[in-house]
Structures are given as C-alpha cells and as structure tokens.
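Here are some exercises to work through with the sequence and the 3D view side by side. Try each task yourself before reading its solution.

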Amino acid sequence: MNMIYQLAVPKGRRICCEVCEAPAERVCPACTVTYYCDEVHQKTDWNSIHEKICQLLIPLRTTMPFYNSEEERQHGLQQLQQRQKHLIEFCYTVAQKYIFEGRYEDAVPAALHSLRFRMNVYGLSSVELVPAYLLLAEASIGLDQIVQAEEYLSQAQWTVLKSTDCSYATHSLLHRNLGLLFIAKENYEEARYHLANDIYFASCAFGTEDIRTSGGYFHLANIFFDLMKLDLADTLYTKVCEIWNKYLNNRYQVLSEARVQQVDLLGKRFETDTGLDEAQEAEAIRILTLILHIRESTSSTAPQKITFVLRILVMLYYLMMNSSKAQEYATRTYNIAKEKQLGAHEQNLIEQLLSIISTEETYPIP
C-alpha cells in the first residue's frame, strides 16, 4: 500500500511530491520518507534516481537522535552533511549521464535531487546551485521545453552575477548551456558567442587540450556544420578527436607502465579503466559516435579520418572493459584499411589495437 498514513507523518513536515512539489498522496513504501502526487511521478522518480538512493534518504529525512553531548551532536551534523554532499555529486553524475545518453526525462528527477541537496547544504543563493540549474536547463532543451530552459538559465545567470567567487569551470558550463539554448532557437550568432566564451573559460580552468574543454569545440563545430561551413567544422571535429585520442592513449600508457612495474606472481589480469566517471564516459561515446557518423557521411575520399575516430572508440571501449564493442570497432577499422588500401603505418596501428584487445599483452600506441 503506497497511500500516505497521515498519523505517521511527523508534525509540521510539508508533504509534497518529490517531482513536481504538488500536494502528495502517495509515499514510497521502501523508505517511507519520499512522497508523490500520483503513481506516474512515483514511477518516474524511481526509474530515474530513487531506486539508487532510496535507503540513503532515510537518515537524511528522519528526526535526528538525541545526543548526550554537544560534541556528539556536531559529529552527527557533520555526518549528515557528508551524506548530503555525496548525494549531490552522485545525483549530478547520474543526471549528466542521462543527458549524454539522450534520456532527458530521466535526467530531470536526478537533477532536481542534486539541486535540493545543494540548497540544504549551501543555501538558496550559493553559486554551488548553478551546476544543477544548468543540468535542468539542458534537460529542458532536450525536451524542447525552451521557456523552462530559459527560466533555469536565468536563475543560473543571476546566481553567478551575485557571486564573488564563481570559478572558471562554472562560467564555462553557463556559457555552454547558453550556447545550446541559442542553437535550439537557431540564433547561431549568439550561440557562437557563448561557445567561444565556454572555450575561453574552460581553457582557463583546465587548459586548451583538456577533454573538459573539448565539448565547447564540439558544439561550435556542430554550428559550422549546420551552416555548411564544412572546413571549419572539420578542423574543430579533428581537434576534438585529437584531444580524446591523446587522453585515452596517455591513460593506456600509464596503466601499462604501472603493470610493468608490478611483480605479479599470481598472473593477475591487466585491469583497465578510463579514469572517467560514468557521465564523462557517456559524453565521450556520444561525441565520438556523432563525429564518426559525420565523418562517414562526408569523408568518403579521406578514409583516414574515419579510421582515426574508429581507433579512438576502440581504445575507449577497451578501457571501459567493453570488449565486444572494442572488437566491433576494431574489425570495422581493419576492414576499411584493407578495402581502401591505407598505408603501412595506418595498418600497423590497427594491428596493434587488435592485438591489445585480443590479448592481455601491452603494446605502445604512437
């Protein structure tokens, strides 16, 4: 039974829907501290984020126990805040991942959770709220809810304007989302202005060749592609690919060297990972597969551009330990190289990739 039993609700607690904040009529039977207006919103929240954090919400939404001393009370408050900070980042990453996967409806509840926890920890006017506003704006753009996106972006802009310690990274995210908004409104001049600012602030925060800067280059390339300025778009797509290629190959080299330095008498399998969180992995897949699709439709006379993107995807999926996908892209790369009779250097790179993903031996990738 999911209906609310009013006598069980603590006196003074506001009972409203977790998704839309309307008066609630249902409660999650698993945690009994999360409420919904109807079954639809309950299922929406469950599928998005609640299933993942259900039990974690109980200590955050129940009355704090009685403490014997002020020291114990302060310790309890610190633990509560740490749990909230963990959920801020967890919900944010989940929402980001959904957005990069095109699951915009699923992203909204997760982003709302991140926003509410940020409000609890940092207050209603903190610049720490901005990343959550931007996620909600991006999800709204994906759902073609432009007016809603503008409201979230206005809130983010106002918060940034009032702040005296807003980071370059936050400025970058703000301009990137404003760029996406103007792309959706087909105002490409304004979009280019904001994406140029995104690249500037991301470069200040992380450097011009960082994967966190590459998103700005990618969205700017998409504008030029839509405007049929294909040479400019091609240059920027190439830059994005070079950034991801460098990052993934460096990551592979670090893991390889670490393995060589270990004396592994038990024959332990070579452990791989990308060094990215789930949202960043989803972003990489989205960006690189879209570039691959564009390359395949426009670079028939330059197969090296196609195989370059394919080789990056091979390394990405290999480090993600998705061997079937890595093998699939490696085979496609090899077939193109044979069909188009690419040079010996290109074929050698592809053969090395095939060796890497089919055995546990390590090979250097130039």
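**Exercise 1: A covered helix**

Task: find which helices cover the buried residues of helix 5.

Solution. The cover of these buried residues includes helix 3, helix 4, helix 6 and helix 7. Contact here means heavy atoms within 4.5 Å, and buried means under 20% relative accessible area, with exposed over 50% and partly exposed in between (1.4 Å probe, protein chains only). Helices (H or I, at least four residues) and strands (E, at least two) are DSSP runs, numbered from the N terminus.

Before you go on, note that this is a predicted model, where local features need pLDDT of at least 70, side-chain atom pairs count only at pLDDT 80 or more, and totals for chains, interfaces and linings use all residues. Residues are numbered from 1 along each chain as its sequence is written, and side-chain values use heavy atoms, with hydrogens and water left out.

Next, count the burial: helix 5 is largely enclosed by the rest of the structure, because twelve of its 13 residues are buried. Among them are Val130, Pro131, Tyr133, Glu138 and Ile141. Then check the length: the first and last C-alpha atoms of helix 5 are 18 Å apart, close to the expected 18 Å. The expected span is 1.5 Å times one less than the number of residues. Finally, look just past helix 5, where aspartate 144 has a positive phi of about 65°.

**Exercise 2: Two cores**

Task: which residues touch the most other members of the largest nonpolar core?

Solution. Start with the rule: a nonpolar core is a set of buried Ala, Val, Leu, Ile, Met, Phe, Trp, Tyr and Cys residues joined through side-chain atoms within 4.5 Å. The largest has 50 residues, and Phe117, Leu153 and Leu174 touch the most other members. Elements giving two or more residues to this core include helix 1 (39-53), helix 3 (70-100) and helix 4 (104-122). A second, separate core has 47 residues, including Tyr217, Ile294, Leu310 and Ala326.

Now zoom in on leucine 153. Setting aside residues up to four places away in sequence, its contacts are Leu134, Ala137, Leu174, Asn177, Leu178 and Leu181.

**Exercise 3: Threonine 170**

Task: is threonine 170 buried or exposed?

Solution. First place threonine 170: it lies in helix 7 (residues 168-184). Its relative accessibility is 12%, so threonine 170 counts as buried. Beyond neighbours within four places in sequence, threonine 170 contacts Val127, Val130 and Val160.

**Exercise 4: Helix 9 and its ends**

Task: describe the burial of helix 9 and what lies at its two ends.

Solution. Helix 9 is mostly covered, with twelve of its 16 residues buried; Tyr217, Phe218 and His219 are among them. At the N-terminal end, aspartate 210 acts as a cap, with a side-chain oxygen 2.8 Å from the backbone nitrogen of arginine 212. After helix 9 comes methionine 228, with a positive phi near 65°.

**Exercise 5: Disulfides**

Task: how many disulfides does the count come to?

Solution. A disulfide is a pair of cysteine sulfur atoms within 2.5 Å. By this rule, the count is zero. Why does cysteine 20 not form a bond with cysteine 37? The sulfur of cysteine 37 is the closest cysteine sulfur to that of cysteine 20, but the 3.7 Å between them is too far for a bond. Cysteine 20 is partly exposed, at 36% relative accessible area.

Terms used. A polar contact is a pair of N or O atoms within 3.5 Å; within protein, one must be able to donate a hydrogen and the other to accept it, and residues adjacent in sequence count only if both atoms are side-chain atoms.
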